[in-house]
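Please open the structure in a viewer and keep the selection tool at hand. The tour below proceeds from one selection to the next.

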Amino acid sequence: MVSCFKGRFRLTSPRGDRVLNGVKGYHHGIDLVGLDDTTVYSIADGKVRTGSDNSAGNYVCVTIADGRRVYYFHLKSFKVKTGDTVKKGQAVGIMGNTGHSFG
C-alpha cells in the first residue's frame, strides 16, 4: 500500500460499504493514521488546491500529470497553498480531525 506517512501507519477505515452511527453507506476513500509522524506527504508530483468544507474538513487536492487527483482530508493544518507545485514525498499538511470525521 502506498502511504502518505513516513514510518508506521494504520488503516482505520477501508474503501467500501460501512456502517457509521447505525447508517449504512459507501466510503469512497481510505482512512489512514500516522503512528510515528503526523505530517502528511504527497504520494505524487502535482499541482495543489487547498480548501475546507463541512464533510472533508481542511483538505489538499494534488492533481497529477495524467489528470488523476489525490485528496488528503481532515487535516489540522496546511504545509502548501493553492497553486503550489509539489514533488512526491513533499509535506502537504498535518494530520487532523476536521470536518465529518470519526477518528
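Select Ile 43 and display its surroundings: leaving aside neighbours within four places in sequence, Ile 43 is in contact with Val 2, Ser 3, Cys 4, Val 70, Tyr 72 and Lys 88. Contact here means heavy atoms within 4.5 Å. This is a predicted model, in which local features need pLDDT of at least 70 and side-chain atom pairs count only at pLDDT 80 or more, while totals for chains, interfaces and linings use all residues. Residues are numbered from 1 along each chain as its sequence is written, and side-chain values use heavy atoms, with hydrogens and water left out.

Ile 43 lies in the loop between E5 and E6. The labels follow DSSP runs numbered from the N terminus, with helices (H or I) of at least four residues and strands (E) of at least two. Ile 43 counts as partly exposed because its relative accessible area is 30%. The cut-offs are under 20% relative accessible area for buried, over 50% for exposed, and partly exposed in between, with a 1.4 Å probe and protein chains only. Add Thr 12 to the selection: its C-alpha atom is separated by 19 Å from that of Ile 43, and the two are 31 residues apart along the chain.

Move next to Ser 42, in the loop between strand E5 (39-41) and strand E6 (46-53). Is Ser 42 buried or exposed? Ser 42 counts as buried, because its relative accessibility is 3%. Beyond the neighbours within four places in sequence, Ser 42 is in contact with Val 62, Tyr 72, Val 86, Lys 87, Lys 88, Gly 89, Gln 90 and Val 92.

Tyr 72 is the next selection. Its contacts, again without neighbours within four places in sequence, are Cys 4, Val 40, Tyr 41, Ser 42, Ile 43, Asn 58, Tyr 59, Val 60, Val 62 and Val 92.

Now select the largest nonpolar core, which has 15 residues; those with the most contacts inside it are Val 40, Val 60, Val 62, Tyr 72 and Val 92. Strand E7 (57-63) and E8 each supply at least two residues of this core, and E8 gives the most, with 3 residues. A nonpolar core is a set of buried Ala, Val, Leu, Ile, Met, Phe, Trp, Tyr and Cys residues joined through side-chain atoms within 4.5 Å.

Show E6 and E7 together. They run antiparallel and are joined by 7 bridges, and a hairpin connects E6 to E7 through 3 residues. Two strands pair if DSSP finds at least two bridges between them. Within this pair, Ser 52 stands opposite Asn 58 in E7. E6 is also joined to strand E10 (residues 85-86) by 2 bridges, the two running antiparallel; there, Gly 46 stands opposite Val 86 in E10.

Which strands form the open sheet of 3 strands? Its order is E5-E11-E9, and the pairing is antiparallel. E5 and strand E9 (77-78) are the edge strands, each pairing on one side only. E9 and strand E11 (residues 91-94) pair in the antiparallel sense over 2 bridges, and Phe 78 has Gly 93 in E11 as its bridge partner.

Proceed to His 74, found in strand E8. His 74 is buried, since its relative accessible area is 14%. Its phi is near 65°, a positive value in a residue other than glycine.

His 74 also leads to the largest pocket: the lining has 40 residues, of which His 27, Ile 30, Asp 31, Phe 73 and His 74 lie nearest the centre. Strand E1 (9-13), strand E2 (16-20), strand E3 (23-27), strand E4 (31-34) and strand E8 (69-75) are the elements that give two or more residues to this lining. The largest share, 7 residues, comes from E8. A pocket is an open set of points on a 1 Å grid over the protein atoms alone, where a 1.4 Å probe fits, with protein on both sides within 12 Å along at least five of seven lines; lining residues have an atom within 4 Å of a point.

Finally, select Arg 8, in the segment before E1. Arg 8 counts as exposed because its relative accessibility is 52%. Leaving aside neighbours within four places in sequence, Arg 8 is in contact with Gly 34, Leu 35 and Asp 36.
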